[in-house]
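Reader: Could you show me how to read a metal site and the strands in a model like this?
Author: Gladly; let's look together.

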Amino acid sequence: MNQFIDSHIHLYDPEYDADLGEVISRAKAEGVSRCILPAIDSGTHDKMVNLAKLHPGFAFPSIGLHPTSVKSDWEKELSLVFDNIDKNKFHAIGEIGIDGYWSKEFLNEQSFVFEKQIELAVQKGLAVIIHSRDATEEVFKVLEKTGHLGLSGVFHAFSGSFETYRRLSGMGNFMFGIGGVITFKNASLAKVAAKMDLKEIILETDGPWLTPAPFRGKRNEPSYISLIAEKLAEIKGCSIEEVAATTTKNAEKLFNI
Ligand code: NI
């Protein structure tokens with residue numbers, strides 16, 4: 001059976017509270033044998049770490065302050081990332097980045113927090129999980145300042161143009177996270193992904209959101225990774241076995257799992 005890694009799944013979200021065991025069983029039955037849990041902020045930190053401890057070898061935690069959680073208490077939230085980083089084994093720093101979609105109120109602070117967490121990732125030898133929404137130029141600005149540090153990471157839920165992909169892939173050792181959006185009708189991402197190198201792609205659900213077709217609108221879950229892989233294989237004109245093997249190897253290397 002094909003083995004997959006869901007490189008971005010919020011399994012600690014309350015959406016999974018009622019049936020997490022079944023969600024994990026279905027994932028394993030579809031070959032999703034490991035997943036990366038991206039962090040949000042202090043409000044979900046303990047739940048995420050505890051969930052990972054309950055499922056060793058399956059769920060691997062990250063640490064970080066999500067850009068939409070950069071608010072008036074950002075200094076306190078950021079210092080918690082620095083205080084907690086050595087208290088557990090983390091496999092990435094993320095989600096970090098800039099989000100100009102939900103609010104522009106703390107955009108400058110978001111850039112600062114992003115930069116500080118990149119520096120921390122480089123210092124700790126960890127990959128970053130980058131969230132970029134309506135903020136491509138702002139993200140470029142931070143990466144231009146920090147790119148020389150030898151950063152590795154993933155642009156999670158990548159949805160940019162081919163030009164943006166080319167520009168970003170030249171700024172560090174980056175992967176691109178492909179998820180359910182690729183299965184949407186008339187998705188421009190499909191045309192971009194067709195030209196991307198499979199060696200730079202990892203798969204993600206971003207559950208409970210961004211559910212692939214034909215379940216769009218319902219709750220997303222890791223077992224749906226196979227739908228994303230199937231679509232990617234179709235777009236790239238290769239076998240699903242090749243997609244599974246290459247994206248799994250990419251994620252293993254990036255997250256050291
Ligand atoms: Ni996410």
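Reader: Which arrangement do the four donor atoms around the nickel ion make?

Author: First, a note: this is a predicted model, where local features need pLDDT of at least 70, side-chain atom pairs count only at pLDDT 80 or more, and totals for chains, interfaces and linings use all residues. Residues are numbered from 1 along each chain as its sequence is written, and side-chain values use heavy atoms, leaving out hydrogens and water. Donors are N, O and S atoms within 2.8 Å of the metal (3.2 Å for Na, K and Ca); water is not among the atoms, so sites may look incomplete. Four donors count as tetrahedral if all angles lie between 85 and 135 degrees, and as square planar if opposite donors are over 155 degrees apart and all others between 65 and 115; six count as octahedral by that second rule, and anything else is irregular. Here the angles are 82 to 171°, which makes the arrangement irregular.

Reader: Which residues coordinate the nickel ion?

Author: H8 (NE2), H10 (NE2), E95 (OE) and D206 (OD) do, at 2.1 to 2.4 Å.

Reader: Is H10 buried or exposed?

Author: Buried means under 20% relative accessible area, exposed over 50%, partly exposed in between (1.4 Å probe, protein chains only). H10 is buried at 1%, and E95 is buried at 2%.

Reader: How many bridges join strand β6 to β7?

Author: Strands (E, at least two residues) are DSSP runs, numbered from the N terminus, and two strands pair if DSSP finds at least two bridges between them. Four bridges join β6 (residues 152-155) to β7, and the two run parallel. F155 stands opposite F176 in β7.
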